[in-house]
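Colleague: I have a structure open and should like to go through it with you. Could we begin with the surface and then turn to the interior?

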Amino acid sequence: MKRILSIAAVLTVLIMAFPARMSGQFRYGPAVGVAFDRPSFKQDLFTIDTQLGYEGGIMSELMFPGIGIGIDLGLLYEMRNAKLHLGERLMWESQGYGVETLRIHYIDIPLHIKLKWHKLNGLEDKIMPIVYGGPRFGIQVAHSKLDAFDFSGGDVGIDVGGGVELFRRFQITAGYTFGATYSYKAKVLTNFSARTPATHINFIYYF
């Protein structure tokens with residue numbers, strides 16, 4: 001957890017220092033979106049239902065002039081949500097668990113390399129394709145009271161996705177987060193942990 005926080009803090013400071021040297025290329029704005037989360041355990045021991053989560057916060061963008069490549073940096077609140085059918089296994093049923101809803105609340109710091117197709121003979125003023133990829137640092141700030149699991153306090157994912165920019169203001173993106181580290185693990189089993197990959201759909205308005 002301390003390592004995640006340290007890496008995220010250093011990267012944030014470095015990226016936020018760039019705009020002073022590259023006037024006119026930096027912008028920011030509000031972001032809202034939804035996330036479909038389905039935890040990925042090391043073994044399939046019980047049924048998991050995908051649930052709808054949501055996120056919102058601020059995204060910033062630093063584009064390097066003339067080449068269509070830049071960097072995204074965000075500060076988002078995210079709620080990840082899933083239903084775990086723990087009662088399908090005696091080890092949890094005997095403790096009184098059944099179908100349990102697990103919600104984890106995160107402060108997310110996504111950091112992406114972004115590519116825009118910005119030379120489209122004027123069409124880019126109306127619509128511009130985008131692709132992006134990079135790490136997402138998640139800090140767990142709260143979660144459901146579910147004593148069957150120990151929570152990591154934070155995790156790291158790898159984002160990949162794409163979308164469009166409309167009229168040089170609005171961005172609509174869809175992406176997938178691959179869980180790189182675990183989010184929580186069972187208390188009654190050895191090395192039975194879950195990563196939390198998710199599909200994201202986001203709407204961003206840049207000032």
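Colleague: Which residues form the nonpolar patch on the surface?

Modeller: This is a predicted model, so what follows is computed from it. The patch consists of Tyr28, Ile58, Phe167, Phe170, Tyr205 and Phe207, and together they have about 660 Å² of accessible area.

Colleague: Where is Phe207?

Modeller: Phe207 is in the segment after β12, the strand that spans 198-205.

Colleague: Does Phe207 count as buried or exposed, and why?

Modeller: Phe207 counts as exposed because its relative accessibility is 55%, and the cut-off for that class is over 50%.

Colleague: And where does Phe167 sit?

Modeller: Phe167 belongs to the loop between β8 (154-166) and β9 (170-179). Phe167 is also exposed, because its relative accessibility comes to 54%.

Colleague: What is notable about phi of Phe167?

Modeller: Phi of Phe167 is near 55°, which is a positive value in a residue other than glycine. Arg168 also has a positive phi, about 60°, and is not a glycine either.

Colleague: In which loop does Arg168 lie?

Modeller: Arg168 lies in the loop between β8 and β9. With a relative accessibility of 35%, Arg168 is classed as partly exposed, because partly exposed covers the range between 20% and 50%.

Colleague: Let us change topic to pockets. What is the volume of the largest pocket?

Modeller: The largest pocket has a volume of about 290 Å³. Its lining is made of 16 residues, and those nearest its centre are Gln25, Glu61, Met63, Lys116 and Arg168. Arg168 of the β8-β9 loop therefore appears again here, as one of the residues nearest the centre of that pocket.

Colleague: Which elements give two or more residues to that lining?

Modeller: They are β1 (26-37) and β3 (48-63).

Colleague: What about enclosed space: how many cavities of 30 Å³ or more are there?

Modeller: The count is three cavities of that volume or more. In the largest cavity there is about 170 Å³ of space.

Colleague: Which residues lie nearest the centre of the largest cavity?

Modeller: Met59, His112, Tyr132, Thr173 and Asn202 lie nearest its centre, out of 21 lining residues.

Colleague: And which element gives the most to that lining?

Modeller: Strand β9 gives the most, with five residues. At least two residues each come from β3, β4 (69-85), β5 (99-116), β6 (127-143), β8, β9 and β12.

Colleague: On to strand pairing, then. How many bridges join β5 to β6?

Modeller: There are 11 bridges between β5 and β6, and the two strands run antiparallel. One of the pairs is Lys114 with its bridge partner Tyr132 in β6. Tyr132 is also among the residues nearest the centre of the largest cavity.

Colleague: In which sense do β4 and β5 pair?

Modeller: Strands β4 and β5 pair in the antiparallel sense, over 15 bridges. Within this pairing, Glu78 has Tyr106 of β5 as its bridge partner.

Colleague: One last item: what is the order of the four strands in the open sheet?

Modeller: The order is β2-β11-β10-β7, with antiparallel pairing. Its edge strands are β2 (40-41) and β7 (149-151), each of which pairs on one side only.

Colleague: How many bridges are there between β10 and β11?

Modeller: Two bridges connect β10, residues 184-186, with β11, residues 193-195, in the antiparallel sense. Tyr184 has Ala194 as its bridge partner in β11.

Notes. Residues are numbered from 1 along each chain as its sequence is written. This is a predicted model: local features need pLDDT of at least 70, side-chain atom pairs count only at pLDDT 80 or more; totals for chains, interfaces and linings use all residues. Side-chain values use heavy atoms; hydrogens and water are left out. Buried means under 20% relative accessible area, exposed over 50%, partly exposed in between (1.4 Å probe, protein chains only). Patches are made of residues with over 30% relative accessible area and no salt bridge: like charges are joined within 9 Å, nonpolar side chains (Val, Leu, Ile, Met, Phe, Trp, Tyr) within 5 Å. Accessible areas come from the Shrake-Rupley method with a 1.4 Å probe; for residues, only the protein chains shown count as cover. A salt bridge is a side-chain nitrogen of Lys or Arg within 4 Å of a carboxyl oxygen of Asp or Glu. Two strands pair if DSSP finds at least two bridges between them. On a 1 Å grid over the protein atoms alone, a cavity is a set of points where a 1.4 Å probe fits but cannot get out, and a pocket is an open set with protein on both sides within 12 Å along at least five of seven lines; lining residues have an atom within 4 Å of a point. Grid points are joined across faces, edges and corners, and a volume is the space filled by probe spheres set on the points.
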